[in-house]
Each structure stands twice: as C-alpha cells, then as structure tokens.
Amino acid sequence: MNQLILGDCLEVLKKLESESVDLIYLDPPFFSNRNYEVIWGDKGEVRSFEDRWSGGVEHYIGWLKERVEQMHRVLKPTGSIFLHCDWHAGSYIQVFILDKIFGIQNFRNQIVWKRTTTHNDAKQGAKQFGRVCDFIFFYSKNAKIAQFNTLYEEYRQEYILQTYNKKDTKGLFKASDLSAAKPGGNTSYEWKGIKPPKGRYWAFSIENMEEFERQDKIYYSSTGKPYLKHYLDEMPGVTVDDFWTNCIFKSKEERIGYPTQKPEALLERIIKCATNEEDVVLDPFNGGGTTVAVADKFNRQWIGIDSSVAAIKVTQFRLDKKQTDIFAKPFTVQLHKYDYDTLRYKDAFEFEKFIVQQIGGTSNTKQRGDLGLDGKTQDGIPIQVKRSDNIGRNVIDNFFSAVQRFDKNLFEKNKAENKTAGVIIAFSFGKGAIEEVARLKNQDGVMIQLLKVEDIIPIAKKPTLTLKFNDLGVDAKKLREIEFIATAESDAGIEFYAWDWNYENNVFKFDIVNDKIGKQTQKFKAGTHCIAVKVVDNDGLESIEVITLKINGDVFAI
Ligand SMILES: C[S@@+](CC[C@H](N)C(=O)[O-])C[C@H]1O[C@@H](n2cnc3c(N)ncnc32)[C@H](O)[C@@H]1O
C-alpha cells in the first residue's frame, strides 16, 4: 500500500478506490503570494501554480473544491479530513468547500495552530495584529460514527503549581473532597471521629474508605478532615483542545530546509487522533513528506501525492533515510518515466509480473513451468516477457510451439479469425525475430504480436553524473576544506543534487537536499571519508556517484 505518486492529485485521486482511506491531511498551496507559493520551482509545481492562480479567490476555490470532492469519495464512512490553510482563504474554504461537501453537521473543529511568534518583529503587528496562526479544519465523513482517539497533553505548569500543591513520599498530589451531596447507601457513618459536613454524605462506602486508608490514599487536613489523594503521575493529563501551541519542530535535524515544511509533532497529533495502526493515511499535497514520514513511524499505511518531482524525490530520500530503522516499511514510487537500467536489471519474475499488469493482463503466479509463458491478456491470449534486448528468431519459434500447446482450441480459433495468437514483450527485437513473425503470418496464417517495453510504459535513461573535488587547504582548527563539484546531464533537465557526507552500507542519508547547483564545500577531520552525491532529473530519475577520500597530510581519492 505505501506509495509515493507523482501527479496532479485530482487525476491520481480519481483512480483511487472509493471508501478506502481512513484519514486525509492536506496542506494545499495557500492562496497567498507568488514567491512563497512556489517552493520547488519545477515544471509540475509551476503548472499547478498557474492553474489555480489564473483567476481570483473564486477560481482558487473552484480548483480546490473539485479535488476535495474526490477526497470525500475516497474516505471511508468512519474517516476524517484535516484541511490546513491560513487567513488568506480559510473562510472561503470552510463555507464554500467543506460545509458544502462534508455538511455542516460533520464539522468537528477549527484548530488554531500557532506556527510562530512575532518575536521582536514590530512590523508584523504594526498595521494589524501579527498573523502567527494557521487554521486546520477538521471534518468527518459522518461525525456520528467517525473514528476518534482522545488525546491528552501535559498539564500547564501553573495549573500543576496551583492544584497539585501537596507532596508525600510518592510525589505531588491534589486532595479532593470526600463528601457528596447525595447519599449512596450507608454513607453517613463517622470516619475517624469525623462526620460528613452538615447536610452532606461521604462519597464512598466505609469499605472503600478502608481500602483507601490501606493504600495510603487519604490525606487529613489540620482539622482531621479526610480528602482523597490524586497523584500527578497517575493522571493522563488534560484532553487536547483546539488551540495548538506546542506542535513545533523538535530538533534542527528534522528541518529539511524549505519554507512550508510542517513539524512532525503536528502530524503526530492528527494521525494519532484519527487513525489506529494499519489504517490508511493519505496526503494529496505531500510536499516534503511530513505526513507520510509520521504515518510510517506510527505503523499506518500511507499514500503521498505531489505534482512536483522534487517533492516526491525529497520525500523518497527522507524515507530512505528512515528506512535504516528496521521498523520502517517498504514503499513504491510512481513517476511518469521508468528508468531503463532499473527495469532491465530488476528481478526477472518481478519484471514479468509488472509488465503483464501494465497491459491489463494477469501474470502467472508460478515462476517456472507453464511452457515459459508469463501470463495472459484479458482475452486469454498468452504473453511471454523477455527482460532483454535484441530478441532473436529462436525465441519466436519456441513461443510459437508453446502457444499451440497452451490452449489448442484457442490457438485454432484465433488463427481462423485472423486474431493475435500470442504476445511477446521485450526491450527490443532483432531482424531475425521480425522476419520470423512475418513468415508465420504469411505462410502459416498465425499472428504473433511483438511489443516493446517502451510501447507500454514510458522509458528514459537516467542522468549521467561526474564528481570532482578540489583541496582548499587546512583551516585554523586543522580541518581540511574540500570543494565538490558534481556535473550531470539529462535530456529531461536536472532538478537537484543531494549530498551525503558519510555514506555507509549503500544507504543514502542526505545531509543536503535540493541543491540546484551541484557545488558544495565541506570540512573534514583527518581519516577516510566516503562521500556520495545523487542527481535527480525532471523525470525523477536519479544517479549516484560515490568517492572515498583519504585525508592526511594530503587528500587522495581511493
Ligand atoms: C504547502 S506544500 C505541502 C507541505 C507539506 N505539508 C510538508 O510538510 O512538507 C504544498 C505541496 O503541494 C504540491 N502541489 C501543488 N499543486 C498540486 C497538485 N495539483 N497536486 C498535487 N500536489 C500539488 C506542491 O508541489 C507542494 O509540494
């Protein structure tokens, strides 16, 4: 299930099954200003920007509404949506999109998320109050049956000081009244010489009081009046309300370095309240992948969609980084183009299965047998997939006899009706194969169809990449400064470079991502260092170069 998909979320959503998703969080581009809205700057994002910007706010609302309609369709009846926006279009979104599609009765909260403070920036509050909050609209598909887990947060310090103001050897506690207004059985007894206050009763039976006493849970005031102890450590905290102030970035490492990235703490709250383990979380405006990274961390299944190649690839690298954690789950990345080398050297059985599915056929479940056939089309016509180039005459002849044996009646019927008897798929076909197919047709009246992989799925070559370095000398702290220059070429154009200064075990854990130039300077201690650079092109295809440097009095590549 875990998938990153490149594309306009409208088109991708249309292909998702109805009622298949438990939670949708979306942080669409706001209706704000030009510079802030274009984060990645690649073709996909700019096209989307132009799409929604070409008219005023009404145009933006129309653009978003048709996408939210699809989101409503894919949500399960127990599912919920959290739509993140700011002051620019928040009110329009609530009234013209969410109320209309989800219904006012399914509105749950308008969460106010305090994303920043005004600090000492006098300008922010000079003409109107500083705008430091975003809004997250929480709607359910059906509020009556929606999944919701109560969340708690720690008590505020001032509340603890005021309320949990007593202490014993077990810790801080608050003391609550043990009397009640109404009698509950025999509750007017005398406890240690004290009767309940006038007109009141004890809240518990004498047996319960004795149990509290045994557990040392009764606190006595200076006048001897009993109270029940509630220890701070045993309380769940306070239930979360709709004003969120502490969902902030927890460390510098969490920041990937682009303006609209949301903190993981914010998504943790949303995911934990609206889903359980194995539920499906969808983010149709994935960005740098905060939602899917958090969903992965908490064992939810996930789908992330973005129209920008850069967003999808940055997320892929972010997840690859997390995949070093043994608990992370595998995922697939769907781009618009497939890399020839990756396909060509993929596991043969996986490749056959994938290709047969791409033409709407059914693949064989077994890896061997079945006369070397790999599947059949929707009409039952046998398919053979070859993960190689320049297929020769002998492949056609072997296939021809396998097709006859596979289903004699079907073979004869197709022959009689001048229909295709079988399909062979490969990267390319040699002259001999093409001539043999023509001979079978002309002499025996049998039609074999030859399909190239590139006729089925778009294929491209990944970018070429070279890496050079220049020794810039030693600094005052005896660190060696080195300049790295990566140069890449691709027909599609280069999108970005990413760098890992400590590449280990074939796992790329970027230190720098979305570098548009391919030039970096880094300082190293003496020793051996393995450095990797990746380049990503506008189709999302990537290449990697790795260099190992031995740094001592000098610098050598080894
Ligand atoms: C505000 S960012 C999301 C940031 C994200 N929440 C995070 O924490 O990283 C919005 C994203 O929506 C993407 N986007 C814009 N139009 C889109 C469309 N039509 N379909 C899918 N994604 C789109 C942009 O490329 C951008 O990455």
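Me: Helices (H or I, at least four residues) and strands (E, at least two) are DSSP runs, numbered from the N terminus. Which helices each supply at least two residues of the shell around the ligand?

Reply: Helix H3 (43-53) and helix H4 (57-74). H3 gives the largest share, 3 residues. This is a predicted model: local features need pLDDT of at least 70, side-chain atom pairs count only at pLDDT 80 or more, and totals for chains, interfaces and linings use all residues. Residues are numbered from 1 along each chain as its sequence is written, and side-chain values use heavy atoms, leaving out hydrogens and water.

Me: What makes the Thr290 pair a polar contact?

Reply: A polar contact is a pair of N or O atoms within 3.5 Å. A polar side-chain atom of Thr290 lies 2.7 Å from an oxygen atom of the ligand, so the pair qualifies. Backbone takes part too: a polar atom of Cys9 is 2.9 Å from a ligand nitrogen, and one of Gly288 is 2.9 Å from a ligand oxygen. The protein covers 98% of the ligand's own 610 Å² of accessible area (Shrake-Rupley, 1.4 Å probe).

Me: Why is the ligand said to sit in a cavity?

Reply: A cavity is a set of points on a 1 Å grid, over the protein atoms alone, where a 1.4 Å probe fits but cannot get out. Sitting in it means more than half of the molecule's atoms lie within 2 Å of its grid points. The ligand sits in the largest cavity.

Me: How do you know that E1 and E16 pair?

Reply: Pairing needs at least two DSSP bridges. Strand E1 (residues 3-6) and strand E16 (residues 301-306) run parallel and share 4, so they pair. One bridge partner of Gln3 in E16 is Ile303.

Conventions:
Polar contact = N/O pair within 3.5 Å; in protein donor to acceptor, adjacent residues only side chain to side chain. 1 Å grid on protein atoms, 1.4 Å probe; cavity = no way out; pocket = protein on both sides within 12 Å on 5 of 7 lines; lining within 4 Å.
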